[in-house]
Amino acid sequence: MQIFSRVVEARSFAGAARSLSLPRSTVSRSIQELEAALGASLLQRTTRTLRLTPNGSLYYDHCQRILRDIEGIEDILSEGAASPRGLLRVDMTASFARALVIPALHDFRARYPDIDLSLTLDDRPVELIQEGVDCAVRAGTPEALSLLVARRIGSFDWITCAAPGYLRRHPAPCTPDDLVRHEIVGFQSGRNGRAGGWTFDVDGEPRTIEAGARLTLNETDAYLACGLEGLGLIRIASYLAAPHLRAGRLVSVLAGYQGEPVPLSLVYPQNRHLSSAVRAFADWLGELYRAREPGWQPAGWGARAPAPADMAP
């Protein structure tokens, strides 16, 4: 049932094999044996597609309920008897990992020595189910019809800023409309491949400014480096901006045109039981983020910017 469910979720034998760390031949043979035991065809296979038959769809729905019950009782029985264990695959942006997670990994490993952690670090959002990822750190509010469950771990702000050298050459913008007279460094979304405008809160209403970036990047650390080099105005997450603002390497601008903080969540597929390893990582990450969050909010910032939906944290 676990192998069959993973094949359906990954939409391929190869994807299921990767996520389960099994040979592809084992996955294929297991499905053949399952269909033979049931006396029913569960999957329609072609060279390019893999689809559920009506019987397969019915069987998958029952598998999900049964597997959730099994996982739930296993967690209840093991609660307090053993520490969380096993391989945990987590996706997050490289910039978030460098700023927060990697410096604290000694603590995580000391707390949970039986969890093997595999981090995928990319500005490109992964498909959790298809790529066999257990959970991911995501910014913004999940869509109402999303197949992901979000567990809130904190929030951050988008900070519009520039290097002091740039602001000596170009007077700081006083309103969002002034951006048309500035050099803007654009960020190309890993989700849709486009560089979107910057949205500000103007008189209580969101307003998007398309300033026309002459330089665009799709990697967060390189994007930040452009701002530090004085190549133009940038907009980055507060946890990345804070150390540079405190050191004077960046200066915040347009602080009076910002809105609500951006939710930061750990997300996982809604059709999977929340394992003890995912729960442990979520608790640890939330505790770590909240402990450092005040240090990312220097007094007097007032920097509140709504998050473009397709920007990585």
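This is a short tour of one predicted model, stop by stop, with selections to make in the viewer.

**Stop 1: confidence**

Colour the protein by pLDDT. The mean is 83, and 83% of the residues reach 70 or more. Now select residues 298–313, where the pLDDT is below 50. Beyond near neighbours in sequence, this stretch has 51 contacts in the model.

**Stop 2: strand β7**

Select residues 158–162, which make up strand β7. Are its residues buried or exposed? Five of its five residues are buried, so look for them under the surface. Show the side chains next and view the two faces in turn. W158, T160 and A162 lie on one side, and I159 and C161 lie on the other. Both of these faces of β7 are covered.

**Stop 3: the partners of β7**

Keep β7 on screen and add residues 234–237, strand β12. The two strands pair in the antiparallel sense, over four bridges. To find a point on this pairing, label C161 and I234: C161 stands opposite I234 in β12.

Then add residues 251–252, strand β13. Two bridges join β13 to β7, and these strands also run antiparallel. Here the pair to label is A162 and V251, which stand opposite each other.

**Stop 4: the whole sheet**

Show the three strands together. In what order do they stand in the sheet? The order is β12-β7-β13, in an open sheet with antiparallel pairing. β12 and β13 are at the edges with a single partner strand each, so one side of each has no neighbour in the sheet.

Add residues 238–247, helix α9, which packs on this sheet. Helix α9 touches β7, β12 and β13, and its direction makes about 110° with that of β12.

**Stop 5: two crossing helices**

Hide the sheet and select helix α5 (residues 94–101) and helix α10 (residues 276–292). Their axes come within 11 Å and cross at roughly 70°. An angle of 65 to 115 degrees counts as roughly perpendicular, so α5 is roughly perpendicular to α10.

Which residues make the contact? Show F96, A99, L100 and V101 on α5, then W284, L285, L288, Y289 and R292 on α10. By class, the contact has eight nonpolar residues, no polar residues and one charged residue. With these side chains on screen, the tour ends.

Methods: Residues are numbered from 1 along each chain as its sequence is written. This is a predicted model: local features need pLDDT of at least 70, side-chain atom pairs count only at pLDDT 80 or more; totals for chains, interfaces and linings use all residues. Side-chain values use heavy atoms; hydrogens and water are left out. pLDDT is the predictor's confidence in each residue, from 0 to 100. Contact means heavy atoms within 4.5 Å. Buried means under 20% relative accessible area, exposed over 50%, partly exposed in between (1.4 Å probe, protein chains only). Two strands pair if DSSP finds at least two bridges between them. Axes are lines fitted to C-alpha atoms, for helices over the stretch in contact, and angles run from 0 to 180 degrees between N-to-C directions. Angles under 35 degrees count as roughly parallel, over 145 as roughly antiparallel, 65 to 115 as roughly perpendicular and the rest as oblique. Ala, Val, Leu, Ile, Met, Phe, Trp, Tyr, Cys and Pro count as nonpolar, Asp, Glu, Lys and Arg as charged, and the others, Gly among them, as polar.
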